Amino acid sequence: MAISDASAAHSTPSHPGEPFDVVVVGAGFAGLYLLHRLRKMGLDVVVLEAGNDVGGTWYWNRYPGARCDVESLEYSYSFSEELQQEWKWTDRYAGQPEILAYIHHVADRFDLRRDIRLDTRVVDAEFDGDTNRWTIKTENGLTLSSRFCIMGTGCLSSAKVPDLPGLASFKGDWFHTGNWPRDGVDFTGKRVGVVGTGSTAIQAIPIIAKQAAELHVFQRTANYSIPLRNTPLSPEHEQRIKGQYQKVRQIARTCPSGVAGFNVADKAALETPADERERIFEERWNFGGVGFTRAFKDILFKEEANKLARDFVVSKMLAVVDDPEVATKLTPKYPIGTKRLCADTGYFQTYNRENVTLVDIEASPLVEATEKGLRTAEREYELDAIVFATGFDAITGALLAVNMRVKNGSDLKSKWAHGPRAYLGVMAAGLPNLFMVTGPGSPSVLSNVVVSIEQHVDWIADCLDYLRANGLNRIEAEQAAETAWGEHVDAVANLSLLPQAKSWYTGANIEGKPRVFMPYMGGVGVFREKCDAIAKAGYTGFTTAAVAE
Ligand code: N01
C-alpha cells in the first residue's frame with residue numbers, strides 16, 4: 001500500500017495505535033506547520049507533544065526577559081498571506097508571551113489542535129522493515145504505528161542542568177530557564193544566583209536584578225552582546241513590510257541568514273579605510289541586534305578583521321560599566337561571533353547596581369551546591385534561588401532522547417557516537433522513513449529558524465508527495481551521500497573561524513559529546529538551492545522503494 005490516496009478525505013484518528021501515515025514529534029513551529037501541510041495533502045497525521053500546550057521553545061522558555069532577536073515581522077510563518085497580514089505584532093522584537101500567543105492563534109486558526117496529543121512525550125521509536133512501520137512509544141503508555149516519523153523536536157529543547165554535587169541538598173528553589181514554571185517566579189526580596197552568561201542569562205539578568213534583593217551572576221565565559229534596541233513596532237514600518245510581504249519573504253528565503261532585514265555585506269573590513277569602517281560599525285551598532293557581525297564580509301573569516309569588530313564592540317559595550325575591575329571580567333576572550341552573539345537590553349548597566357555582583361567562576365570554579373547556596377573554590381554564596389541559564393544539549397539532544405532504531409539494524413545513538421551526520425540535515429542513513437526538521441547539517445541555528453523550518457517542512461512534504469505519486473513508500477538517505485554532505489558541511493565551516501570556538505555549535509558544552517560543527521554555514525539560500533536541485537533530480541542520494549506492507 002502506498003501513502004493514502006490524495007483524494008481520500010482527511011480522517012481524524014479515533015484511537016491510539018491506529019496506523020498513521022505520519023507521526024510528528026513536537027508541536028512547536030515545525031510540528032504545527034507539518035501538521036497543516038501534511039493534512040492538506042490528505043495524510044493521516046498525529047502530533048505528539050511532551051508539553052502541556054503547543055509552542056515548543058516558546059512554551060518552555062518563559063524566563064524573565066525571553067524575547068526573540070529576529071524581528072517579529074520576519075520571525076513568523078510565511079505560508080499563509082492571510083495569517084501574515086492579520087496578525088499584529090506590538091514590538092519590533094517580540095517577547096515570549098506574544099510569540100506564544102501567535103503560535104496559539106495559528107493552532108486555532110488552522111484547527112490544528114484536534115490532531116495534537118499533549119502531555120505525550122515520545123521515548124522510543126522502532127522501524128520494522130518487514131511492515132514498513134515505525135512503532136512509537138510514549139512515556140504515558142501509548143503505542144502508535146506510522147509509516148513515517150518526523151522529528152520536529154527543536155534544536156534548543158534539551159535543557160542542560162550542570163551536574164553539580166549537592167544540588168539535591170539545596171534548600172531553596174532552583175530553575176532551568178528552558179523549563180520555566182508556567183506561573184512565573186517572583187524573586188522579590190530574594191537572594192538569587194544566576195549561573196551562565198549566554199543569550200538567555202543576558203536577557204534574564206537585568207530583569208531579575210530589578211526584583212531580587214541580591215543577585216550574584218556566576219560567569220565562566222564573558223560574552224559579546226549588542227544592544228537589541230527593541231521598540232514598539234511603528235504602524236508605518238508594519239505597513240511598509242506588510243505592503244511588500246511576498247518580496248520580503250522571498251529575500252529571506254534566498255539570503256544567507258533567512259532575515260531580509262540583515263545586511264548582506266559586500267565590503268571587507270580589512271579593505272575599508274579606518275574612518276569609513278568606524279562609520280559602518282557605528283551604524284550597525286546603532287541599528288542593534290545580532291546582525292552586527294554582518295557589517296563586513298570578513299569578520300567571521302579573518303582574524304584581523306574579527307579583531308577590528310571585537311575591539312569596537314568591547315569598547316562600546318563596556319563603556320557603560322562603572323567599575324573597571326568588573327569591566328575587565330566582562331571582557332570576552334574569544335573572536336566575536338564564533339560563539340552565538342548575544343543581544344541585550346541594559347545588560348552591562350546592570351553591573352552598576354548595588355545589589356548585583358559578578359562572580360568569576362573561570363578564576364574560581366563552582367565546586368558544589370550546598371544547603372544554603374553555591375560554593376566556588378573561594379567561598380560560599382548564600383542564596384534563596386538558583387537560576388541555571390546553562391543552555392542545551394543543542395541540535396541532537398532531543399533527537400537522541402528518543403531511543404530511535406531499526407529492528408535488527410541501526411540505532412541513532414550508535415550511529416552518532418562519533419558525531420551527528422544527516423544528509424541535508426533531514427535524514428540519517430540507516431534509518432528509513434525518519435525525517436528531521438533542522439537536523440545536524442542544515443542551517444538551523446545559524447539562520448532565522450522559522451524560515452529554515454518552513455523550507456525543511458516544504459521539502460519533506462514535497463518528498464512525501466513525490467513518493468505517493470510514484471507508488472513508493474520507503475525512502476532512506478544513502479551512506480555515501482550523507483558522508484559527502486558531512487564533508488561539505490565541515491569544509492564550509494572550516495573556511496570560517498567558528499569551529500575553533502568552544503561552543504554549543506560543536507557540542508563542546510556537553511561533556512563527552514563528539515565535536516562536530518553541526519549547523520550548515522553555507523547559508524539559507526544556498527542550502528535551499530541544493531535541496532531543491534536534489535529533489536528535482538529525483539531525490540539523488542536517497543534510495544526509494546515500494547515495499548509490501
Ligand atoms: O545557553 P548558552 P543559552 N558551570 O549555552 C554557562 C538561543 N537563544 O540558553 O560558555 C558554569 O549559550 C556557559 O558558560 P560557558 C541562542 O541561539 C536565543 O544562553 O560554557 N557555567 C554559558 O555562559 C543561544 O545561543 C535567544 O563557559 C555553565 C551559559 O551557561 C541559545 O539559545 C535568547 C555551566 C550557557 O549559555 C542558547 O542560549 C536565548 C556550568 N556547568 C537563547 N554550563 C534570542 O533569540 C554552562 N554554563 C534572543
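Colleague: In which helix is the place of Gln-455?

Modeller: This is a predicted model, and what follows holds for that model. Gln-455 sits within the run of residues 449-469. The helix with that run is H13.

Colleague: Is Gln-455 buried or exposed?

Modeller: The relative accessible area of Gln-455 is 6%. Buried means under 20%, so Gln-455 with its 6% is buried.

Colleague: Which residues is Gln-455 in contact with, leaving aside its neighbours within four places in sequence?

Modeller: One partner of Gln-455 is Cys-531, which is 76 residues away along the chain. The C-alpha atoms of Gln-455 and Cys-531 are separated by 9.2 Å. With sequence neighbours within four places left out, the contacts of Gln-455 are Phe-527, Arg-528 and Cys-531.

Colleague: Why is Cys-531 in no bond with the closest cysteine sulfur?

Modeller: A disulfide needs two cysteine sulfur atoms within 2.5 Å. The closest cysteine sulfur to that of Cys-531 belongs to Cys-463. Cys-531 itself is buried, at 1% relative accessibility. The bond is ruled out because the distance between the sulfurs of Cys-531 and Cys-463 is too far, at 11 Å.

Colleague: How many disulfides does the structure hold?

Modeller: The number of disulfides in the structure is zero. Cys-68 is in none, and the nearest cysteine sulfur to it is that of Cys-155, 14 Å away. Cys-68 is also buried, with a relative accessible area of 5%. The count of disulfides is therefore, by the 2.5 Å cut-off, zero.

Colleague: Which residues come nearest to the ligand?

Modeller: There are 24 residues around the ligand. They divide into nine nonpolar, nine polar and six charged. Those that come nearest are Lys-160, Thr-197, Thr-200, Arg-220 and Thr-221.

Colleague: What is the distance from a polar side-chain atom of Arg-220 to an oxygen atom of the ligand?

Modeller: Lys-160 offers a side-chain N or O atom at 2.9 Å from a nitrogen atom of the ligand. Ala-389 takes part through its backbone, where a polar atom is 3.3 Å from an oxygen atom of the ligand. For the side chain of Arg-220, the distance to a ligand oxygen is 2.9 Å.

Colleague: What percentage of the area that the ligand exposes when taken alone does the protein bury?

Modeller: Polar contacts with the ligand include the one from the side chain of Lys-160. Taken alone, the ligand exposes 910 Å². The part of this area buried by the protein is 87%.

Colleague: Which helix gives the most residues to the shell around the ligand?

Modeller: The helix in question spans residues 199-211. Its contribution to the shell is three residues. The helix is H5.

Colleague: Which backbone oxygen does the side chain of Thr-338 reach?

Modeller: Thr-338 is in the loop between helix H10 (324-329) and strand S11 (342-344), and with a relative accessible area of 1% Thr-338 is buried. Beyond its neighbours within four places in sequence, Thr-338 is in contact with Leu-497, Leu-498, Ala-501, Ser-503 and Tyr-505. The side chain makes a 2.7 Å approach to the backbone oxygen of Pro-335.

Colleague: Is Thr-153 buried or exposed?

Modeller: Thr-153 lies in the loop between strand S6 (143-151) and strand S7 (173-176). Leaving aside neighbours within four places in sequence, the contacts of Thr-153 are Val-25, Ala-398 and Leu-399. Since buried means under 20% relative accessible area, Thr-153 at 19% counts as buried.

Colleague: What is the phi of Ser-444 near?

Modeller: Most residues other than glycine have a negative phi. Asp-111, in the loop between helix H4 (96-109) and strand S3 (116-117), has a positive phi near 55°. Ser-444 is found in the loop between strand S18 (434-436) and H13, and is buried with a relative accessible area of 0%. The phi of Ser-444 is also positive, near 25°.

Colleague: How many Å apart in space are Lys-316 and Glu-282, C-alpha to C-alpha?

Modeller: Lys-316 lies in helix H9 (residues 303-318) and is partly exposed, with a relative accessible area of 26%. Leaving aside neighbours within four places in sequence, Lys-316 is in contact with Glu-282 and Trp-285. Lys-316 and Glu-282 are 34 residues apart in sequence, and their C-alpha separation is 9.5 Å.

Methods:
Residues are numbered from 1 along each chain as its sequence is written. This is a predicted model: local features need pLDDT of at least 70, side-chain atom pairs count only at pLDDT 80 or more; totals for chains, interfaces and linings use all residues. Side-chain values use heavy atoms; hydrogens and water are left out. A residue is near a molecule or strand if one of its heavy atoms lies within 4 Å of it. A polar contact is a pair of N or O atoms within 3.5 Å; within protein, one must be able to donate a hydrogen and the other to accept it, and residues adjacent in sequence count only if both atoms are side-chain atoms. Accessible areas come from the Shrake-Rupley method with a 1.4 Å probe; for residues, only the protein chains shown count as cover. Helices (H or I, at least four residues) and strands (E, at least two) are DSSP runs, numbered from the N terminus. Ala, Val, Leu, Ile, Met, Phe, Trp, Tyr, Cys and Pro count as nonpolar, Asp, Glu, Lys and Arg as charged, and the others, Gly among them, as polar. Buried means under 20% relative accessible area, exposed over 50%, partly exposed in between (1.4 Å probe, protein chains only). Contact means heavy atoms within 4.5 Å.
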